[in-house]
Amino acid sequence: MSKQFDVVVIGGGPGGYIAAIRAAQLGFNVACIDEWKNDKGGPAPGGTCTNVGCIPSKALLQSSEHFEQANHHFPDHGISTGTVKMDVAKMVARKDAVVKQNNDGILYLLKKNKVSFFHGRGSFVKAAEGGGYEIKVAGATEETVVGKQVILATGSNARALPGTPFDEVNVLSNDGALRIGATPKKLGLIGSGVIGLEMGSVWRRLGAEVTILEGLPTFLGAVDEQIAKEAKKAFDKQGLKIELGVKVGDIKVGKKGVNVSYTNSKGEAVELAVDKLIVSIGRVPNTIGLNAEGVGLQLDERGAIVVDGDCKTNLPGVWAVGDVVRGPMLAHKAEEEGVAVAERIAGQHGHVNFNTVPWVIYTSPEIAWVGRTEQQLKADGVKYKAGTFPFLANGRARALGDTTGMVKFLADATTDEILGVHIVGPMASELISEAVVAMEFRASAEDIARICHAHPSLSEATKEAALAVDKRTLNF
Ligand code: FAD
Ligand code: NAI
């Protein structure tokens, strides 16, 4: 007799494990199936985010930023350190320990919430008699479970360049990029998106000569133009070489490294020899091994599971969330969808506001935004007012010694409602939350301008940018 569950979740990343916990909180009997293995073959829930994404990349960004600070900025504070050395193996081991803490934490949370965890690959068998679906779990052993409701949260995989598969030695996906054992002399990256910039920053700080090749002529096209320009200026100054408008041609992988032929924006043929090549050109939804076709689960032309606004698939009682469906591939978006689906299964009104999903790029300076950019507002024909405030005029930023960038507000010209907030600068990842809250409550720029912000704090730049919308900054 198969084990019966109210809810079976396939995938234990941020979409899946959070959906499982929320469903259990709502009183359901829940199973969560995840196949990720740690280096000993044991369970490692948390998905891409925990194992080869958000968490390990931020660990390496932190370590490399400390190194950068010690090398280049400590002397400004009167601290002399002598020669600063980086033990890359130790940095990577620390990152692995951080990942393990998160894996263990998720296993603990699942247990605490009485979610039954299955380690193995989940795949559809067939519709179960009496409703729901039979799901086979293929792990160390094989068993079948039945879920009255099924939530698919199978995530995404790195997209490879056609004809150049990842070998994770010379040609690296995000996985290999997070396991490089020694600083390469020359590092190439294809794609100056989020991963390209974050990983490029890590290895540049550690001493690699980094070249990022980007196909599009515009830098960070989804980011507000003024903010992207400011960020590019900072990256140029740091020596992160970003070539825009290139066409990547042949890639030859040899024993000692990789040779990339490309045409630059002037139409010239260029050869780039690098020790390692990271390919970060986007990700593809993952439905490998689910047996989607066996049960008639509808996928779109990109391979994403087709869902409606409530994350319902075409199969009754089957839902899908996170990277495997439409929308931004972000951990917090996956989590919000996971919670909303669990609540909808319980008959509640799950809520995800796509207009207030924040984005953060964890470079230095950090880039963070929520809502529409100036170019989007122009394209949408919306009349708006803009206000900016530079960190150069913020006392806390000066004390920190990090005055790059600005906060920018975009507000409706008539109603003053905040339509977008864009930040490039120190701790933008934390500062953006205030803007998200404000937009969720449909606040006006004046609302933020009238709120008391602690002094001295970076958040005063947010208040001042809101004041700038009405052309009445106090400190600039
Ligand atoms: P995933 O996290 O991919 O989890 C899916 C899980 O399902 C995996 O464990 C997989 O093994 C399992 N699985 C798949 N198929 C099956 C099956 N058939 N049976 C059993 N298990 C299965 N996002 C942010 O918001 N902030 C960041 O800072 C950030 N940094 C990132 C850095 C990198 C380098 C990368 C690659 C991504 C980053 N992301 C970041 C994106 C983020 O990781 C994803 O958006 C997020 O992990 C998606 O969550 P998910 O639950 O949909 O899928
Ligand atoms: P991305 O979509 O951010 O960037 C890909 C870049 O590659 C784009 O600029 C694109 O124009 C370029 N490109 C595509 N094909 C190309 C080609 N053939 N030649 C040259 N350039 C090419 O994708 P990325 O960086 O791989 O990251 C995947 C996703 O993971 C992100 O979109 C994001 O959703 C998530 N992520 C989020 C992070 C965060 O929130 N801080 C960090 C890292 C990843």
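Colleague: Before we dig in, what counts as a polar contact here?

Modeller: This is a predicted model, by the way. For a polar contact we take a pair of N or O atoms, and the cut-off on their distance is within 3.5 Å.

Colleague: Okay, so how far is the side chain of K58 from an oxygen atom of ligand 1?

Modeller: K58 is listed among the closest residues to ligand 1, along with D34, T48, G122 and D323. A contact has to fall within 3.5 Å. The N or O atom in the K58 side chain and the ligand oxygen are separated by 2.7 Å.

Colleague: And which residue touches an oxygen atom of ligand 1 through a backbone N or O atom, at 3.3 Å?

Modeller: D323 isn't the one to pick, since a polar side-chain atom of D323 sits 2.8 Å from a ligand oxygen. The backbone N or O atom at 3.3 Å belongs to M329.

Colleague: How much of ligand 1 does the protein cover?

Modeller: On its own, ligand 1 has 1000 Å² of accessible area. Of that, the protein covers 94%.

Colleague: Which element gives the largest share of the shell around ligand 1?

Modeller: Several elements supply at least two residues each, including α1 (14-25), β3 (116-127) and α9 (331-345). The helix α2 (47-52) is on that list too. With four residues, the largest share comes from α2.

Colleague: How many charged residues does the shell have?

Modeller: In total, 38 residues surround ligand 1. Split by class, there are 14 nonpolar and 18 polar ones, and the charged count is six.

Colleague: Switching to the rings: what angle lies between the planes of F219 and F235?

Modeller: The structure holds five aromatic pairs, and F219 with F235 is one of them. Their centres are 6.2 Å apart, and the pair is edge-to-face, which calls for planes over 60 degrees apart. The angle comes out at 80°.

Colleague: How far apart in sequence are the parts that this pair ties together?

Modeller: F219 and F235 are both buried. F219 is in the loop between β9 (209-213) and α7 (225-238), while F235 is in helix α7 itself, so the parts tied together are separated in sequence by 16 residues.

Colleague: Then there's F389 and F476, also edge-to-face, at 6.0 Å and 75°. Is F476 buried or exposed?

Modeller: The partners sit in distant parts of the chain, F389 in strand β19 and F476 in the segment after α14, 87 residues apart. F389 is buried, with a relative accessible area of 1%. For F476 the value is 66%, and the cut-off is over 50%, so F476 is exposed.

Terms used. Residues are numbered from 1 along each chain as its sequence is written. Chains are lettered from A and ligands numbered from 1 in the order in which they are written. This is a predicted model: local features need pLDDT of at least 70, side-chain atom pairs count only at pLDDT 80 or more; totals for chains, interfaces and linings use all residues. Side-chain values use heavy atoms; hydrogens and water are left out. A residue is near a molecule or strand if one of its heavy atoms lies within 4 Å of it. A polar contact is a pair of N or O atoms within 3.5 Å; within protein, one must be able to donate a hydrogen and the other to accept it, and residues adjacent in sequence count only if both atoms are side-chain atoms. Accessible areas come from the Shrake-Rupley method with a 1.4 Å probe; for residues, only the protein chains shown count as cover. Ala, Val, Leu, Ile, Met, Phe, Trp, Tyr, Cys and Pro count as nonpolar, Asp, Glu, Lys and Arg as charged, and the others, Gly among them, as polar. Rings of Phe, Tyr and Trp (its six-membered ring) pair if their centres lie within 6.5 Å; planes under 30 degrees apart count as stacked, over 60 as edge-to-face and the rest as tilted. Buried means under 20% relative accessible area, exposed over 50%, partly exposed in between (1.4 Å probe, protein chains only).
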